[in-house]
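Open the model in your viewer and keep the selection panel handy. We will go stop by stop, with something to select at each one.

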Amino acid sequence: MKYVLMFVETEEFAKELAAMSEPDRQEAFERVGRWFADHAAHITHHAHLGPAEAATTVRLDGSADAVVTDGPFVEGKEVVSGYAEIEVADLDQALAIARTWPACPVVEIRPIT
Amino acid sequence: MTGENTGAEAERRERAHGELARVLREHAGRLTACLVRVLGDFAAAEDVMADAVETALKRWPAEGVPEHPDAWLLTVARRRGLDLLRRQARYRDKLAELTWPPQPDPDDQLKLIFTCCHPALPRPAQLALTLRTVCGLTTAQIAAAFLVPEATVVQRITRAKRKISQAGIPYRVPGDDELPDRLDQVLAVVYLLFNEGYLASGGGRPHAAHLAGDAEWLAARLAWLVPRRPEVLGLLALIRLHQARAAARFTAAGDLVLLRDQDRSRWDRAAIAEAIRLLERAAALRRPGPYQLQAAIVACHAEAPTWDDTDWEQIVVLYDMLLALAPSPVHRLHRAIAVHHAPPPRGGADAALAVLDGLSPADLRTLDRYPLYHATRAELLRALDRPAAARTADRRALELTANPAQQALLQERLTWKG
């Protein structure tokens, strides 16, 4: 089955990352790089998203003009910061991969239909 | 109709129900497991088997339980399944291949349990799904047991089955690295089922009382399917220690009798001894856990010939071990109660009050809603000759008991007063 792992950043995590020393931050990035290398056999596609401040939302609510607004469509303290598409046997295998994710504190797993 | 006749009839119905429940537990879950394997689809197998169970419950009370209930269920499941799954050729062919006797695989039932209790499902769905597919209950029976509308149970099960298929929840026994966590989830489900049944029994919810039996059966099944797991044995021992004393828990009128006042001659001594042997087998594996420790605490009560002979010092030690593994304000309260009854200098009312006064603000916030906390304080204050403060605490306990929190009171007492 195919799943998308959505990596969700929290405000707290962003602050921790910002407060890190340069070598520590470098090491955190390397851990993420190693994770992608370790699971390369299952990862079919992945991307890191730009910051939530750069998001623009279009609301197509049926009226004549679509409403364009600044910001992500879900306002909140948790924002999706990237995703990886994986191909594995079942949810347990997807969970096992998600459990080893070394960066942001929340990962949502969604099957692709 | 006289009251006596109604009573006798209710008893007959109750016996017949118990027999049906036993037969269905024994066979329906096993056959569902076979069907999932043959069809390769949890939802389809569950639909087919649930339909066969409904048919059995309609026909068995009138026609009697067939000589080979499992063969009967399989025949009905296959015939009705061919109707239900008419449009799905892949299921039809597989179902047609299914002949008696189905190939037994002890792991099938375990896979079924692990799928029903998968952590990706919400807890109420885990409970409903386990009861329906593993224990062979109907949605109407589950609804009656939990006092929720049947539509709610149907919706929970439908959503859970959809999630299982859409999210790709596997049908398998977890690998060694995942097994401890996943087994904890299963045990939590069994424990909740037991609590629900145990607390409600005698409270005018006969369907809930059956849950205690379902939970005991599930725990025994697990102990057989995954041997050498001490917490499984611990949970089974805990359930059996409670069940062995169930007869003394209520008056003829259905009122709860506190442990201190129970007629201990009505306890099933043989069953208690059996449960304690089970607990010793668990202890020999040398990996203590919360269920084993709770069972050990209940065993201290069950072994005591009288309330005054209870080994309270041992109970305090066991609560200390339990709190180290599973800290909880309710367990701390129960520890304080054991301290009250333990001999001085470690025990006594002043020592117990000191324990309660030393609780953290977070614990106190939780316990403030528990009538047992205030009732315990009242008892301690009275023993220490502070009647005015005792009355205040009593009033608070009474306020809380007068509302539907009665259930909660019973819950707290479950662990120590049985």
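## A loop to start from

Select B:Asp385, which sits in the loop of chain B between α18 (371-383) and α19 (387-402). What you have on screen is a predicted model, so treat each stop as a look at a prediction. Check the backbone torsions here: B:Asp385 is not a glycine, yet its phi is positive, near 60°. Most residues other than glycine have a negative phi, and most peptide bonds are trans. Is B:Asp385 buried or exposed? It counts as exposed because it has 8 C-beta neighbours inside 10 Å, and the cut-off for exposed is 12 or fewer.

## Two more backbone stops

Next, select B:Arg286, found in the loop between α12 and α13 of chain B. This residue, again no glycine, has a positive phi of about 55°. B:Arg286 counts as exposed, since 7 C-beta neighbours lie inside 10 Å.

Now go to B:Pro344 and B:Pro345 and display the peptide bond that links them. The bond from B:Pro344 to B:Pro345 is cis, and its omega is near 10°. You will find B:Pro345 in the loop that runs between α15 (329-341) and α16 (349-357) of chain B.

## Down the axis of a helix

Select residues 269-283 of chain B, which form helix α12. The helix has 15 residues, and its first and last C-alpha atoms are 21 Å apart, close to the 21 Å expected at 1.5 Å a residue.

Which residues of α12(B) are buried? Colour B:Ile272, B:Ala275, B:Ile276, B:Leu278, B:Leu279 and B:Ala282, which are the buried ones. Then turn the view until you look down the axis of α12(B): the buried residues fall within an arc of 155°, so they line one face of the helix.

Give a second colour to B:Arg269, B:Ala270, B:Arg277 and B:Glu280, the exposed residues on the face of α12(B) turned away from its buried side. To see what lies over the buried residues of α12(B), add α11 (230-243) and α13 (290-303) of chain B, which are included in their cover.

## Into the core

Select B:Met49, B:Val190, B:Ala237 and B:Leu241. The largest nonpolar core has 118 residues, and of these the four you have just selected touch the most other members. Keep B:Met49 and drop the rest. Setting aside residues up to four places away in sequence, B:Met49 touches B:Ala28, B:Leu31, B:Thr32, B:Leu35 and B:Ala77.

## Chain B as a whole

Zoom out and show chain B as a cartoon. Its secondary structure comes to 20 helices and zero strands. Of its 418 residues, 40% are buried. Take the contacts in chain B between residues at least 6 apart in sequence, and 64% of them join residues at least 24 apart.

Colour chain B by pLDDT. The average is 86, and 89% of the residues score at least 70. Where does pLDDT stay under 50 in chain B? Select residues 403-418: that is where it does, and the model has 30 contacts beyond four places in sequence for them.

## Over to chain A

Switch to chain A, whose secondary structure comes to three helices and six strands. Tracing the sequence, you follow the pattern β-α-α-β-β-β-β-α-β. Along the principal axes, the C-alpha atoms fill a box of roughly 50 × 40 × 20 Å. Of the 113 residues of chain A, 12% count as buried. Contacts in chain A with a separation of 6 or more are 72% made up of residues 24 or more positions apart.

For a single residue here, select A:Gly71, in the loop between β4 (67-70) and β5 (78-87) of chain A. A:Gly71 is partly exposed because 13 other C-beta atoms lie within 10 Å. Draw a C-alpha distance from A:Gly71 to A:Ala54: they are 17 residues apart in sequence and 6.8 Å apart in space. Beyond its neighbours within four places in sequence, A:Gly71 is in contact with A:Ala52, A:Ala55 and A:Thr57.

## Where the chains meet

Finish by showing both chains. Seven residues from chain B and five residues from chain A take part in the contact. On the side of chain B that touches chain A, five residues are nonpolar, two are polar and none is charged. For the model overall, ipTM is 0.84 and pTM is 0.84.

Notes. Residues are numbered from 1 along each chain as its sequence is written. Chains are lettered from A and ligands numbered from 1 in the order in which they are written. This is a predicted model: local features need pLDDT of at least 70, side-chain atom pairs count only at pLDDT 80 or more; totals for chains, interfaces and linings use all residues. Two residues are in contact if their C-beta atoms, placed from the backbone, lie within 7 Å. Ala, Val, Leu, Ile, Met, Phe, Trp, Tyr, Cys and Pro count as nonpolar, Asp, Glu, Lys and Arg as charged, and the others, Gly among them, as polar. pLDDT is the predictor's confidence in each residue, from 0 to 100. Helices (H or I, at least four residues) and strands (E, at least two) are DSSP runs, numbered from the N terminus. The expected span of a helix is 1.5 Å times one less than its number of residues. A residue is buried if 20 or more other C-beta atoms lie within 10 Å of its own, exposed if 12 or fewer, and partly exposed in between; C-beta atoms are placed from the backbone. The arc is that of the directions from the helix axis to the C-beta atoms. A nonpolar core is a set of buried Ala, Val, Leu, Ile, Met, Phe, Trp, Tyr and Cys residues joined through C-beta atoms within 7 Å.
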